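Welcome! Let us walk through this structure together, one part at a time.

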Amino acid sequence: MTIRPICITGNPVLHTKALEVTVFDEGLRTLVQDMYETMDEAPGVGLAAPQIGVNLRVFVYDWDAEDGSEQRGVVINPTLEISEIPEGEPDWEAESEGCLSVPGERFPLKRADRATLRGVDLEQNPVHIEATGWFARIFQHEFDHLEGILYVDRLIEKYNAEAKEIIQERGWGKDDISWLPGEEKLEG
Ligand code: ZN
């Protein structure tokens, strides 16, 4: 298994709709193993294939639920149904997200409280998960990655402007910038 570099915002692969997986082979298995390892090392609660430069509809997640259970898995070619996204100002304390492709930053945004994730696993067995709260938020964040959407794209205007400023200050927002979990410690 290999820890792979994580693409930072600006790399076109993060801003492009990912492709359906059609071949379930050793290459896909290796990709998923590498994604788990990269997510764990980062560390993160989710990682989508485009974040390591692979334009395929795959994400992994690892979430310690409120009841103490660990939710860890992979989904390939997912669909996501969500409940209504509440309106109003997002709460800094309760609704701030981060992203390994915008490392070291956090901003709040509203998400749906419920999400139904469907897809398949590496053996092409069906995946069907009903998630609520933060688990549902993780699915919305990772699914967005497969659509070429980053959470910063969804921020309300004042936070979006702040995020854009930071991205510019750091010299991000262009092609071919990445960081390697475990080797490089980012400031902030
Ligand atoms: Zn992300």
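A donor here is an N, O or S atom within 2.8 Å of the metal, and since water is not among the atoms, a site may look incomplete. Keep that in mind as we begin with the metal site of this predicted model. The zinc ion is held by the SG atom of Cys99 and by the NE2 atoms of His141 and His145, at 2.0 to 2.2 Å. Along the sequence, these donor residues follow the spacing C-x41-H-x3-H. Cys99 sits in the loop between strand S5 (96–97) and strand S6 (107–108), while His145 belongs to helix H3, so this pair ties together parts that are 46 residues apart in sequence. Are Cys99 and His145 buried or exposed? Both of them are buried.

That brings us to helix H3 itself. H3 runs over residues 133–146, and its 14 residues reach 21 Å from the first C-alpha to the last, close to the 20 Å expected at 1.5 Å a residue. The helix is mostly covered, with twelve of its 14 residues buried. Among the buried residues are His141 and His145, together with others such as Phe135, Ile138, Phe139 and Leu146. Some charged residues of H3 are buried too, including Arg137, Glu142 and Asp144. After the helix comes Gly148, which has a positive phi near 80 degrees.

Now let us turn to the nonpolar interior. The largest nonpolar core has 37 residues, and those with the most contacts inside it are Met35, Leu47, Val58, Val60 and Leu155. Five elements give two or more residues to this core: strand S1 (6–7), helix H1 (26–41), strand S3 (58–64), strand S4 (70–82) and helix H4 (157–169). Which of them gives the largest share? H1 does, with six residues. To see the core from one residue, look at Val58. Leaving aside residues up to four places away in sequence, Val58 touches Val21, Leu28, Val32, Met35, Leu47, Ala48, Ala49, Val74, Val75, Ile76 and Leu146. There is also a second, separate core of 18 residues, which includes Val75, Leu80, Val127 and Ala136.

Charged side chains add another set of links. The structure holds 16 salt bridges. One of these joins Arg57 and Glu20, with 3.8 Å from N to O. The two come from distant parts of the chain, 37 residues apart: Arg57 lies in the loop between strand S2 (46–48) and S3, and Glu20 in the loop between S1 and H1. Arg57 has a relative accessibility of 5%, so it counts as buried. Glu20, in turn, is partly exposed, with a relative accessible area of 48%.

A second salt bridge pairs Asp62 with Arg72, and their closest N and O atoms are 2.4 Å apart. Since Asp62 is in strand S3 and Arg72 in strand S4, the pair ties together parts that are ten residues apart in sequence. Asp62 counts as buried at 13% relative accessibility, whereas Arg72 is partly exposed at 36%.

A third one connects Glu97 and Arg111, with the closest N and O atoms 2.8 Å apart. Glu97 lies in strand S5, and Arg111 in the loop between S6 and strand S7 (114–120), so here the pair ties together parts that are 14 residues apart in sequence. Glu97 counts as buried at 3% relative accessibility, and Arg111 counts as buried at 7%. These two also belong to a network: salt bridges that share partners join Glu95, Glu97, Lys110, Arg111, Arg137, Asp144 and Arg154. Two members of that network, Arg137 and Asp144, may sound familiar, as they are among the buried residues of H3.

Let us finish with a few details of the backbone. The peptide bond from Ala42 to Pro43 is cis, with omega near -15 degrees. You will find Pro43 in the loop between H1 and S2. Asn77, in strand S4, is not a glycine, yet its phi is positive, near 50 degrees. With a relative accessible area of 18%, under the 20% limit, Asn77 is buried. Asp176 also has a positive phi, about 70 degrees, without being a glycine. Asp176 lies in the loop between H4 and strand S9 (178–179). Is Asp176 buried or exposed? Its relative accessible area is 66%, so Asp176 is exposed.

Note on methods:
Residues are numbered from 1 along each chain as its sequence is written. Side-chain values use heavy atoms; hydrogens and water are left out. Helices (H or I, at least four residues) and strands (E, at least two) are DSSP runs, numbered from the N terminus. The expected span of a helix is 1.5 Å times one less than its number of residues. Buried means under 20% relative accessible area, exposed over 50%, partly exposed in between (1.4 Å probe, protein chains only). Donors are N, O and S atoms within 2.8 Å of the metal (3.2 Å for Na, K and Ca); water is not among the atoms, so sites may look incomplete. A nonpolar core is a set of buried Ala, Val, Leu, Ile, Met, Phe, Trp, Tyr and Cys residues joined through side-chain atoms within 4.5 Å. Contact means heavy atoms within 4.5 Å. A salt bridge is a side-chain nitrogen of Lys or Arg within 4 Å of a carboxyl oxygen of Asp or Glu.
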